[in-house]
Amino acid sequence: MRARTFSSIIAMALTAGLLTASPAAAASSCANADAAPGTISAKAMSKATLCLLNEERADAGLKPLKSHKKLAKAARGFSKIMVKQQFFDHVSPSGSTLSSRVQKVKYTKGAHRWSLGENIAWGTGDQATPASIVDAWMHSPGHKRNILDSSFTEIGIGIAAGAPLATAAAKSSGLTYTTDFGFRQ
């Protein structure tokens with residue numbers, strides 16, 4: 001960190017449905033890693049996603065991310081908005097950004113230094129499982145960089161039913177993921 005007040009936004013987008021999961025994704029010890037949309041709660045999906053992300057960090061010799069309620073609130077809200085308003089981008093049609101969404105939930109309030117990162121993805125069917133989404137992120141340099149950024153210590157995960165496009169398959173078997181990474185001091 002170079003200054004007392006520091007904000008770094010690393011924004012990456014990924015359409016997970018375009019990538020396929022590798023066999024390594026199935027080798028996880030995380031509960032519900034391969035759960036299909038609609039078979040478990042969003043909370044259980046989020047726990048599986050966090051477990052998978054922390055396995056990747058452990059493999060790289062990094063400390064695990066801790067779930068943070070304020071980041072999770074921002075991430076859940078953004079996933080829901082992407083599905084409801086049918087867009088897939090880090091900036092909403094109304095102009096909200098990662099920084100503005102995280103400031104709205106007061107994650108950075110009182111912090112002298114902070115940094116943020118965000119990964120978004122969506123998939124349908126077997127491409128919407130936590131294992132498939134995390135595997136796709138790990139095969140994308142920018143997303144992988146966020147996941148393995150040693151400065152991030154906290155995360156909020158938001159998963160919404162549906163996908164940011166209006167097709168029958170996306171509505172019935174789609175999930176939209178947002179992971180908001182953070183650090184504050």
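This section describes the fold, cross-links, packing, largest pocket and backbone features of a predicted model.

The secondary structure of the protein comprises six helices and five strands. Along the sequence, these elements are arranged in the pattern β-α-β-α-α-β-α-α-β-α-β. Of the 185 residues in the protein, 48% are buried. Among the contacts with a separation of 6 or more, 76% are made by residues 24 or more positions apart.

One disulfide was found in a search of the whole structure. The bond joins Cys-30 and Cys-51, whose sulfur atoms are 2.0 Å apart. Cys-30 is located in the loop between strand 1 (9-13) and helix 1, and Cys-51 in helix 1, so the pair ties together parts that are 21 residues apart in sequence. The torsion about the S-S bond of Cys-30 and Cys-51 is about -80 degrees, and the disulfide is therefore left-handed. The two cysteines fall into separate accessibility classes: Cys-30 is buried, with a relative accessible area of 7%, whereas Cys-51, at 30% relative accessibility, counts as partly exposed.

Two salt bridges are present in the structure. One of them is formed by Glu-118 and Arg-101, with 3.0 Å between the closest N and O atoms. Because Glu-118 belongs to strand 3 (residues 114-124) and Arg-101 to helix 3 (residues 98-104), this pair ties together parts that are 17 residues apart in sequence. Glu-118 counts as buried at 1% relative accessibility, and Arg-101 likewise counts as buried, at 8%. A salt bridge also connects the side chains of Arg-184 and Glu-154, with an N to O distance of 3.4 Å. This pair links distant parts of the chain, since Arg-184 is in strand 5 (residues 174-184) and Glu-154 in strand 4 (residues 154-161), 30 residues apart. Arg-184 is partly exposed, with a relative accessible area of 32%, while Glu-154 is buried, with a relative accessible area of 17%.

Helix 4 (residues 130-138) is mostly covered, with nine of its nine residues buried. The buried residues comprise Pro-130, Ala-131, Ser-132, Ile-133, Val-134, Asp-135, Ala-136, Trp-137 and Met-138. Together, the buried residues of helix 4 pack against two helices, helix 1 (42-59) and helix 5 (141-147), and against strand 3 and strand 5. Helix 1 thus appears both as a packing partner of helix 4 and as the element that carries Cys-51.

Contacts between distant parts of the sequence are also illustrated by Ser-173, a residue of helix 6 (residues 168-173). Ser-173 and Pro-37 are separated by 136 residues in sequence, yet their C-alpha atoms are 5.7 Å apart in space. With neighbours within four places in sequence left aside, Ser-173 is in contact with Pro-37, Gly-123, Thr-124, Gly-125 and Ala-128. Ser-173 is partly exposed, with a relative accessible area of 21%.

The largest pocket contains about 310 Å³ of space. Its lining is made up of 13 residues, and those nearest the centre of the pocket are Lys-43, Ser-46, Ser-67, Ala-72 and Ile-157. At least two lining residues are supplied by each of helix 1, helix 2 (69-85) and strand 4. Helix 1 provides the largest share of the lining, namely five residues. By character, the lining divides into six nonpolar, three polar and four charged residues.

Positive phi values were examined as a backbone feature. Most residues other than glycine have a negative phi. Asn-32, although not a glycine, has a positive phi of about 65 degrees. Asn-32 is situated in the loop between strand 1 and helix 1, the loop that also holds Cys-30. At 36% relative accessibility, Asn-32 counts as partly exposed. Lys-106, also not a glycine, has a positive phi of about 70 degrees. Lys-106 is found in the loop between helix 3 and strand 3, the two elements linked by the salt bridge of Glu-118 and Arg-101. Lys-106 is partly exposed, with a relative accessible area of 46%.

Terms used: Residues are numbered from 1 along each chain as its sequence is written. This is a predicted model: local features need pLDDT of at least 70, side-chain atom pairs count only at pLDDT 80 or more; totals for chains, interfaces and linings use all residues. Side-chain values use heavy atoms; hydrogens and water are left out. A salt bridge is a side-chain nitrogen of Lys or Arg within 4 Å of a carboxyl oxygen of Asp or Glu. Helices (H or I, at least four residues) and strands (E, at least two) are DSSP runs, numbered from the N terminus. Buried means under 20% relative accessible area, exposed over 50%, partly exposed in between (1.4 Å probe, protein chains only). Contact means heavy atoms within 4.5 Å. A disulfide is a pair of cysteine sulfur atoms within 2.5 Å. On a 1 Å grid over the protein atoms alone, a cavity is a set of points where a 1.4 Å probe fits but cannot get out, and a pocket is an open set with protein on both sides within 12 Å along at least five of seven lines; lining residues have an atom within 4 Å of a point. Grid points are joined across faces, edges and corners, and a volume is the space filled by probe spheres set on the points. Ala, Val, Leu, Ile, Met, Phe, Trp, Tyr, Cys and Pro count as nonpolar, Asp, Glu, Lys and Arg as charged, and the others, Gly among them, as polar.
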